[in-house]
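Visitor: I would like to learn how to read the features of a fold. Could we work through one together?
Guide: Gladly; here it is.

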Amino acid sequence: MRIIVLGAGAIGSLYGAKLAGTNDVTLVGRPDHVRAIQQTGLRIEGIEAQTVRVGAITRVGKLEPNTLILLTTKVPAIATALEPVAPFVRDDTTVVALQNGLNSEAVVRKALRGHGVVLRGISQFGAIFERAGVIRYMASGYTLLENHARSQRIASVLNAAGLDCRIPADMTTEVWRKLVFNCVVNPITTIIGGEVGEIVDPRLTRLKKLVIDECLTVAAAEGVSLDTALMAEINAAYAGSHNIVSMRQDLLHGRVTEIDYLNGAVVTLGQTQGLDCPINDALTRIIKGMEATSRNVRSGKFTRNTGETALAKPQTPAAVHPVRE
Ligand SMILES: NC(=O)c1ccc[n+]([C@@H]2O[C@H](COP(=O)([O-])OP(=O)(O)OC[C@H]3O[C@@H](n4cnc5c(N)ncnc54)[C@H](OP(=O)(O)O)[C@@H]3O)[C@@H](O)[C@H]2O)c1
């Protein structure tokens, strides 16, 4: 299959590396990452180690018939990433949106003005962008793909590459399930400036419960019924992890986070249902405040006189417990 991975960072490069063995794969990424891949190949480290020769470019110039685009930018980058691609999208082009959170597929459809087929995906793999040309493979998992006439063929291709693709009966419930995990672990561990595993701290139990309860209430109003053992599942999934959530990594690098598509999206949806979500709203506002501070610090508008803050030097996640977000 002809596959373009648009936004080849951590997860996109991992998928591209796995798919490159038996498919015609091209990674589309930032210049330094692309240059490194062109010069020495894409290096995968972590739970699997290999160097993969795969095509890499910085901009799409055309799309062949029946191309699969795996869209793996963060949500705020979707529109800009698709802008140069949109004119080439054909009816036989399929775009799989692999972002966390709510509404990425709607953002994609808007950017493509209804062209092509857009499918929602969820990745339960875990990867970190180590440096240009090098990805750290943190956790193996599976891929969920929305059901559609084209899904079975895509699933076969992903399965052949070891990406364990499942087509669930109810994708919406799966999206919400992962959303709740992310609404808990991303903002809370970012605000406390901690590792992922610190989410199990009993002092955070009441906060986690409030976040989960609001999410479940909005989900129910949307007709989505989630089981109520989520707190225990979250604790079990993240206990012992020394990883750092992507939200905190984004702030450490002065980037905008995905908060608007996580807790912020729950708040917005709640408003349309007449449901107040004060805890998710507060977490969203705190993270947006931290985004502004983070960017100001990066742009040199402010200086800090303390070394150890939530914005201290990014830690390299060495000896990291396998975890996915
Ligand atoms: N990493 C994981 O383990 C994981 C697991 C499951 C789901 N996800 C979800 O997958 C999505 C991607 O996550 P990620 O961790 O892979 O993020 P990431 O490492 O930041 O990868 C995204 C890459 O896309 C690049 N990019 C953005 N705009 C581009 C453009 N116009 N052209 C070319 N490249 C562009 C980014 O470059 P810049 O950084 O320079 O903008 C970055 O290298 C997120 O929604 C995340 O929630 C991630």
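Guide: Start with a definition. A residue is buried if 20 or more other C-beta atoms lie within 10 Å of its own, exposed if 12 or fewer, and partly exposed in between. Keep in mind that this is a predicted model.

Visitor: What percentage of the 325 residues in the protein chain is buried?
Guide: By that rule, 45% of the 325 residues are buried.

Visitor: How do I read the overall build of the protein chain?
Guide: Take the radius of gyration. A compact globule of 325 residues would have a value near 20 Å, and the protein chain has 19 Å, so the two agree. Along the principal axes, the C-alpha atoms fill a box of roughly 50 × 45 × 35 Å. Eleven helices and twelve strands make up the secondary structure. Now look at contacts with a separation of 6 or more. Of these, 70% join residues 24 or more positions apart.

Visitor: How should I read a sheet?
Guide: Begin with the general idea. Strands of a sheet pair through backbone hydrogen bonds, either parallel or antiparallel. Then read the order. One open sheet here has four strands, β4-β3-β10-β9, with mixed pairing.

Visitor: Which strands of this sheet stand at the edges?
Guide: β4 (50-52) and β9 (126-131) do. Each has a single partner strand, so one side of each is left without a neighbour in the sheet. From one strand to the next, the twist averages 25°.

Visitor: In what sense do β3 and β4 pair?
Guide: β3, residues 42-46, pairs with β4 in the antiparallel sense, over three bridges. For a residue-level view, find Arg-43: Thr-51 in β4 stands opposite.

Visitor: Which helix lies across β3, β4, β9 and β10?
Guide: That is α1, residues 10-19. The helix runs at about 105° to β9.

Visitor: How do I read a strand with neighbours on two sides?
Guide: Try β7, residues 94-97. Four bridges join β6 to β7, and the two run parallel. β7 also pairs with β8 in the parallel sense, again over four bridges.

Visitor: Which residue in β7 is the bridge partner of Ile-69?
Guide: Val-95 is the partner of Ile-69. Val-95 also stands opposite Val-118 in β8. Next along, Val-96 faces Leu-119 in β8.

Visitor: Are the faces of β7 covered or open?
Guide: Both faces are covered. Thr-94 and Val-96 lie on one side, Val-95 and Ala-97 on the other, and all are buried. β8 is mostly covered, with six of its seven residues buried.

Visitor: How do I read a loop residue such as Leu-163?
Guide: Place it first. Leu-163 lies in the loop between α5 (151-160) and β12 (165-166). Then count neighbours. Leu-163 has 20 other C-beta atoms within 10 Å, so it is buried.

Visitor: Which residues does Leu-163 touch, not counting those up to four places away in sequence?
Guide: Tyr-15, Lys-18, Thr-143 and Leu-158. Tyr-15 deserves a look: Leu-163 and Tyr-15 are 148 residues apart in sequence, yet 7.6 Å apart in space, C-alpha to C-alpha.

Visitor: What about backbone angles? Which phi sign does Asn-66 have, positive or negative?
Guide: Positive, about 60°, although Asn-66 is not a glycine. Asn-66 sits in the loop between β5 (55-57) and β6 (68-71). There are 13 C-beta neighbours inside 10 Å, so Asn-66 counts as partly exposed.

Visitor: And where is Arg-113?
Guide: In the loop between α4 (104-111) and β8 (117-123). Arg-113 also has a positive phi, about 50°, and is not a glycine. With 9 C-beta neighbours inside 10 Å, Arg-113 counts as exposed.

Visitor: Last, the ligand. How many residues surround the ligand?
Guide: The number is 26. The closest are Gly-7, Gly-9, Ala-10, Gln-99 and Asn-100. Then sort the shell by character: nine residues are nonpolar, twelve polar and five charged.

Visitor: Which elements supply at least two residues of that shell?
Guide: α1, α3 (78-82) and β9 each do. You have met two of these names already. α1 is the helix lying across the open sheet's strands β3, β4, β9 and β10, and β9 stands at an edge of that sheet.

Definitions and conventions:
Residues are numbered from 1 along each chain as its sequence is written. This is a predicted model: local features need pLDDT of at least 70, side-chain atom pairs count only at pLDDT 80 or more; totals for chains, interfaces and linings use all residues. Two strands pair if DSSP finds at least two bridges between them. Axes are lines fitted to C-alpha atoms, for helices over the stretch in contact, and angles run from 0 to 180 degrees between N-to-C directions. Two residues are in contact if their C-beta atoms, placed from the backbone, lie within 7 Å. The radius of gyration is taken over C-alpha atoms; the globule rule is 2.2 Å times the number of residues to the power 0.38. A residue is near a molecule or strand if its C-beta atom, placed from the backbone, lies within 6 Å of it. Ala, Val, Leu, Ile, Met, Phe, Trp, Tyr, Cys and Pro count as nonpolar, Asp, Glu, Lys and Arg as charged, and the others, Gly among them, as polar.
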